[in-house]
Amino acid sequence: MAARSGSGVVTPVESDQEIKGTKQGRRGAVDLNTTSSLEDLQTDEQRRILDTVAQVRKCGLESILSLPQLVVCGDQSAGKSSVLEALTEIPFPRSDNLCTRFATEIILRRAPSDSLTIKVIPDDQRPVHEQIKIKAFEESITDFEDLPRIMGLAMKIMGMDPESQSDTPLGAFARDVLSITIEGPNRPQLTLVDIPGLIANATKGVTEADVKMVAEITDHYISQPRTICLAVISATNDHANQPILTRVRKYDPEGDRTLGIITKPDRLPPGSGSEKAFISLARNEDVFFKLGWHVLKNRKFEEQDCSLRDRNFAESTFFRTSNFNVLPKESVGIDELRKRLSRLLFEHVKQELPKLRQDLENALTEANAQLDVMGSCRSSSVECKAYLTQLSQDIYDVSKAAVDGHYEGDYFHGEITDEEFKDEDESPVSISRIRAVVQNLNTEFSETFRRVAHKYHIDLDNDGWAGFDPNCAGGLSDRLGKTQITPIRWTKEMALKWVANVLARTRGRELVGNYNPLLVGELFWEQSSKWQLIAVDHIECVADQCSKFLKTLLHDKCPKDVESRLWDSKIHDALKERSRLASEELAKIMEDIKGYPINYNHYYTDTIKSRRQNRQRIAIKETAEKASKTTILPEEAYYEDPAITTTVDIDQFVQTLAEDNDSNMENFSCEEALDCLFAIYKVSQKTFIANITTQVIERHIVRGLQNIFSPVVVNAMSDVEVEAIASEPLSAKRQREFLEERIKKLTDGHEIFRGAMGSGGK
C-alpha cells in the first residue's frame, strides 16, 4: 500500500454515468464532467465564502499568508491516497514513483468550462534560475487519460525521472509542490494538500536526509494555524505506534483543528481487542480531537479494478454488518466524510475570514512601508540625487519636529518593533520624541547632580544639604561606580578639621581669627572635584540618545544599504564633530570652575547671613538654657500638677556667652570659611547645571540636529558622492521587484475581500 501514499484531491460523484466513466479511467479517456452531487455539497453561502478564499489563493497569497486549507497527513501505508481518491473520485496514477515524493496541492474551482491544469511551485531554496524554469511549467488536459503523462513531465522538471529506479540528485523526496487545479461549472471551491507519508527509518533508496525532509514538510504544513489536519492512521497498526498523532498534537495540543481518520478497519479480526480499541478511538474516547474521528473502508489491493460504486457499496455493507455499526452514521463512510469536510471547511473559513482579512491588510501595510523605505529606482546620478534630496527633506522635517517637540506626525505615534532600536531601560518615552528624551535626561541630571556632585556630605546643624542617603548614587552606580560617586559623609567637627588643615596650608599675612580669601577657592575645588566626571557622563548619554534617534530615523526611512553608507559617510562624522565641540565647551566651563570663584549673586551673601544668624540663634538658645533655673512654687508643692517658675540669671547668661565666644575664637575662621563654602557651592552649582544643559547640551548636541542631513547638504554633494551613497545594488533591485509583486498580490486580495465582505460576507 506504500505506492498509494500521497495522492491528489477533488470531489464526489454518484450517477451511474460518472461512476462508469471513472471506472473506464483506468484504461481509457475520462472527461472532467461531474454530477450535481458535487454542486449540492455546498450552499450559496458556503460557495461565496469559499470562493473568497479560493480567489485569494489564486492571487498567490499562500506564500505570504496562512490560508485556511485541509491537509491530509499520515504515515506511509496508512491509506492516505485511497482516502483522497475516494473523496475526489479522480483516478490519480498509482505508480510508486508518483505523488509520494513531494507535496501535492489539489485545488477545485468553479469555472465556466472543465479543465485540469498542473503546475509546479518551486522550493524557495532552489537557485533563482531553477525557480524561473520550474515556474514556467504549466500543462492543461481535458480528460484523465493524459494525467500520468503530465505528472511525469512535472517530475522531470523537478529533476526526478519517474521511470528511473536510481537515486536522483534530489534524493527520493523534494520540497517542490505539485499543484493540480481542476475547474468546472459544478465544482465546489475546495483545496486539499496531500503530503508525503512519514517514514520511520531510512531504507534502500531513502536516506536519513529524506526521512528528515519528509518530517520537515509535514511540520511546515500542520504547524500553520489555519490548517485543518486530516490525520490518517491505519487500523493494521496500533495507533500508539503511528507518529502522525504525536506530530499533530505537538502543533495542535488541544485538538482544535485535527480530524482523525481511521482506514482499513476490515483488516481487524472481528471481536478482537484491536477492533474494540479502534472502535473506542473512533468514539473519541482515547486520543481526543475536538473535531472527532471518522472511519473509512477503502478498496483492498485485489479490489483496485472495482468501480467507485462497488467500492461505496462494499463500504456501506461493512459498516452496516460489522462491529463498527455501533458508531454514529455521520462518523463512517466516504459520503458522510464529504459532507463533514464541507461543513467543517465552511465553518473554519467563515471563522477565520475576518482575521485573514486583517492579516492581509497588515501585510499590505508592511509591504508598502518597506517599498516606501526603498524609495524610487536609482540607477543614475540624477536619480540618486533626487532620491537623497527627498530623503533628506523627510529626515529634516521629522528631525526638526522632534527637536522642537512638535509631535503631530504619524512617525511619532508608532511603536519601535525592531529589537536593535528598543530602549534597554524600557523608557516610557519613544526615542523618536528626542526633545522629551533630552528634557527627561536634563531633569534627571539636575536632580542627580544635587544629590551626589559634592565630594563631602556635611551635617551642618539643621541647615545643610538634604539628609544623607547612602543610595543616592543608585542611578549612576552602573556607569560611574557607586563608591566613586557617592558623597563621603562627615560630621560638622570632621568638616571643621578639614577646613583647619586647608587653612593652615593657605595661611598668609592675615591676622589671627581671619583667613586667606583664597581658602574658599581651595575648599570649593575639592568639594566640586566630581563635577566634570558627572557632566561628561551626562553629555555622553544625551549624545548617545541623539545618535540613536538619527540611526532609528534612518532605519525607518531608507533601505539598509543606503542607511549604512549614509551613516558612515555623513552622519557619523557630523555627530563626532558635535561631540568634540561639546567637549571643548565643557573644558572651557571647567577652566572657569578651576579658577577662584567670582560671584555677584546676592544669594551668596544672603546664604552667609542666614548661616550666621542660625548659628547665633543656636548659641543664644544653648546659653539661655544654661543660665535658666526652674522652681516649683511652695504653695503648689503638694499638687499633682504644680505651677512652676523659670528665672534667667542675666549675669550668668552674659558671662557664659562671653566665655563661649572667647573659647571659639580659634574656630571662628573655620566656621566662617565653611559658611562661605556652603554658600558659594550652592550658587555655583545652579550656574553649572544651567551652563551644562544650555551651553553644552543644547548648543552643541541637540540644536541643529536636523541640519546634519538636509537638502542643503545633499545639494552640496558631488555626483560621485550621491552615487556612492544612494546607488541601488542588484540585491535591492530584486527586493524591489519582490515587494512590487507582493503588493500586487496583496492588493488583489484586498480588493477581493472588500468586494466579498462588503456584500455581507462578514
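How many salt bridges does the count come to in this predicted model? The count comes to 20 salt bridges, and three of the views below show examples, while the others turn to strands, a helix end and a surface patch.

**View 1. Strand β8 is enclosed by the rest of the structure.** Strand β8 covers residues 258-263, and because 6 of its 6 residues are buried, the strand is largely enclosed by the rest of the structure. In a regular strand, side chains alternate between the two faces of the sheet. Here both faces are covered, since Thr258, Gly260 and Ile262 are buried on one side, and Leu259, Ile261 and Thr263 are buried on the other.

**View 2. Strand β8 pairs with strands β7 and β9.** Strand β7 (residues 227-234) runs parallel to β8 and is joined to it by 6 bridges, with Ile262 of β8 as the bridge partner of Ile233. Strand β9 (residues 293-295) also runs parallel to β8, the two being joined by 3 bridges, and in this pairing Ile261 stands opposite His294 of β9. From β8 the chain crosses through helix α9 (residues 273-282) to β9, in a β-α-β crossover that is right-handed. A right-handed β-α-β unit is likewise made by β7, helix α8 (residues 243-251) and β8.

**View 3. A salt bridge connects Asp219 with Arg247.** The side chains of these two residues meet with an N to O distance of 2.8 Å. Asp219 belongs to helix α7 (residues 208-222) and Arg247 to helix α8, so the pair ties together parts that are 28 residues apart in sequence. Asp219 counts as buried, at 15% relative accessibility, whereas Arg247 is partly exposed, with a relative accessible area of 24%.

**View 4. Arg126, Glu130 and Asp176 are linked in a network of salt bridges.** Within this network, the side chains of Arg126 and Glu130 meet in a salt bridge of 2.7 Å, taken from N to O. Arg126 counts as buried at 12% relative accessibility, while Glu130, with a relative accessible area of 27%, is partly exposed.

**View 5. Helix α11 holds a salt bridge between Asp335 and Arg338.** The closest N and O atoms of the two residues are 2.6 Å apart, and both residues lie in helix α11 (residues 334-374), where a separation of 3 residues is about one turn of the helix. Asp335 is partly exposed, with a relative accessible area of 32%, but Arg338 is buried, with a relative accessible area of 5%.

**View 6. Gln527 is a buried residue of helix α17.** Helix α17 spans residues 519-527 and includes Gln527, which counts as buried at 0% relative accessibility. A polar atom of the Gln527 side chain lies 2.9 Å from the backbone oxygen of Tyr456.

**View 7. Val193 and Leu84 are 9.8 Å apart in space.** That distance runs from C-alpha to C-alpha, and the two residues are 109 residues apart in sequence. Val193 lies in strand β6 (residues 190-194), and with a relative accessible area of 1% this valine is buried.

**View 8. A nonpolar patch lies on the surface.** The patch, of about 270 Å², is made by Val648, Ile650 and Val654. Val654 has its place in helix α21, which covers residues 650-663.

Technical notes
Residues are numbered from 1 along each chain as its sequence is written. This is a predicted model: local features need pLDDT of at least 70, side-chain atom pairs count only at pLDDT 80 or more; totals for chains, interfaces and linings use all residues. Side-chain values use heavy atoms; hydrogens and water are left out. Patches are made of residues with over 30% relative accessible area and no salt bridge: like charges are joined within 9 Å, nonpolar side chains (Val, Leu, Ile, Met, Phe, Trp, Tyr) within 5 Å. Accessible areas come from the Shrake-Rupley method with a 1.4 Å probe; for residues, only the protein chains shown count as cover. A salt bridge is a side-chain nitrogen of Lys or Arg within 4 Å of a carboxyl oxygen of Asp or Glu. Helices (H or I, at least four residues) and strands (E, at least two) are DSSP runs, numbered from the N terminus. Buried means under 20% relative accessible area, exposed over 50%, partly exposed in between (1.4 Å probe, protein chains only). Two strands pair if DSSP finds at least two bridges between them. A crossover is right-handed if, with the strands pointing away from the viewer, the path from the first strand over the helix to the second runs clockwise. A polar contact is a pair of N or O atoms within 3.5 Å; within protein, one must be able to donate a hydrogen and the other to accept it, and residues adjacent in sequence count only if both atoms are side-chain atoms.
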